[in-house]
Amino acid sequence: MRQRTLGVVLAITTITAAPAISARPADAAPTPHVTVSGGETQPVFSRADAITQTVNIEVPVDSDHDGVRDRVQMRIMRPKETDQGLKVPTIVEPSPYWAGGNDVPNHDVDIDGLSARGLRQNRSADVLAGAFPGYYDNYFLPRGYAVADLDSLGTGGSTGCPTSGARNEQAGARAAVDWLTGRARGWAPDGTPVKATWSTGNVGMIGQSYDGTLPNMAAATGVPGLKAIVPIAGISSWYDYYRANGGVLAPGGFQGEDLDVLAKYVYTRADREICKQVIADIEARQDRDTGDYSRFWDERNYVQDARKVRAAVFVVHGLNDWNVKTKQSVQWWNALARAGVPRKLWLHQANHNTPFRWRIEEWLRQTHHWFDHWLYGIDNGIMQEPRVDIERAPGQWEQHADWPEPGTRTVDLHLNTSGDLAAKPQRGAAQSMVDAGRTRTAEQLAADPTTPDPNRLVYLTPQLAKPVRVGGTPRISLRASLDGRSPYLTALLVDYGTDTRPTGVVASTGEQVCYGEGVPGDDGCTTRTAHVTETKPFKIVTRGWLDARNRHDPARTEPLKAGKTYDFTWDFQPNDYVFKAGHRLGVVVLSTDYDYTLRYPAGTRLTVRPGVSTLHLPVAPR
């Protein structure tokens, strides 16, 4: 391909923002420009000589109620040539974590009285984050980008209050884009007004977990200038992070955490008193007693605003992520599709992690081309490549035109009286189990499926004659009754068959990979990781939960009559998984899920009517 210079081939005034000059002295310095070769920006600028600046940006909210508009603090690093006429786009990572976190107790989840409130179990503070961690400054800055770290409201150098995803935090993330596009006011730390005169007005955002949620939040406002985002394991609705179908639910590894705990954890701004009442109000309104969806939770639901999104969205999620579960990215992905938003998707085999750790070269290629295309307007073919990358097994990637795969169909398998999971229903006597989830984990209850166990119900297919790919969101319909304290219904979709499978954990290989320009204290390198695997007789592929009192609506609790039969339907977490030939597909029905649900006293009896209870399985073409 031809080498070209953006400042020459493309319009100088719109890309490099050099002034239109009809003539200049022969000895005048040339206008700095970004160089493009092979369809991508080239590393021609010095990370070592980069300019850094800090700006405090006005946000049009007063969430700490001090009578002054909130401000978010953003730390920027940009090529020195931006002080010489070069204009560049900016890649922002917004985060509540740049200043670390606090030690905060979680809520008690062993429910003996009538209330689900109370505190125990500390969430430990993390090590203080560096000012420019990660690889963006080493990799993207030399290629003609500014990079920036943004403190979310109530954290680090920002004012305002942390609210775990409420509209004030959304306004804070948006304000960074507004300042970079000239629509918001900003000040240097000494109070001097400052503008982003070096900015093209094109902005991208990227981040993982909460740092990936804030880009979703900003994009959902429809803010002009935000051209592309890369949310990695990002949240699209906070209700689905801390609740499920009317039930209080924990993110994996953080049993007992809720919105108030997270707000306290990230509350790292200088004034540690001003937001206490705001966070107390979060605790009062989050409602750990009923778990119902409400206006309070609706404020933290961005899926409903997908139609406002102007940015292209590159969604990334781990199929073994039980912290931010797959529903978060899948419901966002589907809503973006309905809204006609340009998008890409990576589904990988790790847990709450980023593929930069193990698929480094391809990750850098695609994210580089993604930002080059959307922030610089370079026609590099990224949008003509297959839309979806799926890691089928460790290091084994497939590419697909879309997801769910076109041609995916729903197959109904009935939970039969014989314990079979079959296409043909077989009615019979009701089957019961007694809840013991307060003392036994789901993994323990899913083991040895052919051995009778009074604390679960198991239904199995015969050994599969050929592989079955499940790609999408399974659902289950039970005709059942409950008698006891626990209102939870839990279903596990299990792959039975001894095999070596990824656990979701990644570990260092010891191989050093250098990706960008190094500077003292930051060598521009990382250590490649690889998936950790284990050989086991089964794997819980996915699971789903329902508070039976919310059988009609997650926003409405309805009483249950002990022993009365009702119809219940709920969803599992989405997945893309291949059950191998010779394995058996199983459904395990429980009440309490030890690691996720509230834990009521043991003894609740769950009775299922077989033959009329059904697993609805999205089977994708192979």
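Two strands pair if DSSP finds at least two bridges between them. Keep that rule in mind for the close-ups below, which all come from a predicted model.

**Figure 1. Strand 12 and strand 15 lie side by side in parallel.** Strand 12 and strand 15 (residues 312-318) are joined over 3 bridges, and they pair in the parallel sense. With at least two bridges needed for a pair, the 3 bridges found here meet the rule. To find your way around this view, look for I232, which stands opposite V316 in strand 15.

**Figure 2. An open sheet of 11 strands shows mixed pairing.** Follow the strands across the sheet and you will read the order 10-4-5-9-6-11-12-15-16-17-18. Which strands stand at the edges? They are strand 10 (186-187) and strand 18 (396-400), and each has a single partner strand, so one side of each is left without a neighbour in the sheet.

**Figure 3. Helix 5 is largely enclosed by the rest of the structure.** Helix 5 covers residues 210-219, and 10 of its 10 residues are buried, so the surrounding structure largely encloses this helix. Among the buried residues you can pick out Y210, D211, G212 and T213, as well as N216 and A219. What do the buried residues of helix 5 pack against? The partners include three strands you can look for here: strand 6 (88-95), strand 11 (199-208) and strand 12 (226-232). Helices take part too, namely helix 4 (167-180), helix 7 (259-266) and helix 10 (326-339).

**Figure 4. Helix 4 crosses helix 5.** The two helix axes come within 8 Å and cross at roughly 80°. Angles of 65 to 115 degrees count as roughly perpendicular, and helix 4 and helix 5 are therefore roughly perpendicular to each other. On the helix 4 side, E169, Q170, A173 and R174 make the contact, while helix 5 brings in Y210, L214, M217 and A218. Sorted by class, this contact has 5 nonpolar, 1 polar and 2 charged residues. As you trace the contact, it helps to know that an α-helix has 3.6 residues a turn, so residues three or four places apart point the same way.

**Figure 5. Two loop residues have a positive phi.** S209 sits in the loop between strand 11 and helix 5. Its phi is near 70°, a positive value in a residue other than glycine. D448 belongs to the loop between helix 12 (442-446) and strand 22 (457-460), and its phi is near 50°, again positive in a residue other than glycine. Are these residues buried or exposed? S209 is buried, with a relative accessible area of 15%, whereas D448 is exposed, with a relative accessible area of 54%.

**Figure 6. A cis peptide bond leads into P404.** Look at the bond from W403 to P404: this peptide bond is cis, with omega near -5°. P404 is found in the loop between strand 18 and strand 19 (409-415).

**Figure 7. Here is an open sheet of 4 strands.** The order is 22-29-25-26, and the pairing is antiparallel. Strand 22 and strand 26 (525-547) stand at the edges with a single partner strand each, so one side of each is left without a neighbour in the sheet. On average, neighbouring strands of this sheet are turned by 30° against each other, direction ignored. Inside the sheet, strand 25 (residues 488-514) runs antiparallel to strand 29 (residues 584-590), and 7 bridges join them. T490 stands opposite L590 in strand 29.

Technical notes. Residues are numbered from 1 along each chain as its sequence is written. This is a predicted model: local features need pLDDT of at least 70, side-chain atom pairs count only at pLDDT 80 or more; totals for chains, interfaces and linings use all residues. Side-chain values use heavy atoms; hydrogens and water are left out. Buried means under 20% relative accessible area, exposed over 50%, partly exposed in between (1.4 Å probe, protein chains only). Contact means heavy atoms within 4.5 Å. Axes are lines fitted to C-alpha atoms, for helices over the stretch in contact, and angles run from 0 to 180 degrees between N-to-C directions. Angles under 35 degrees count as roughly parallel, over 145 as roughly antiparallel, 65 to 115 as roughly perpendicular and the rest as oblique. Ala, Val, Leu, Ile, Met, Phe, Trp, Tyr, Cys and Pro count as nonpolar, Asp, Glu, Lys and Arg as charged, and the others, Gly among them, as polar.
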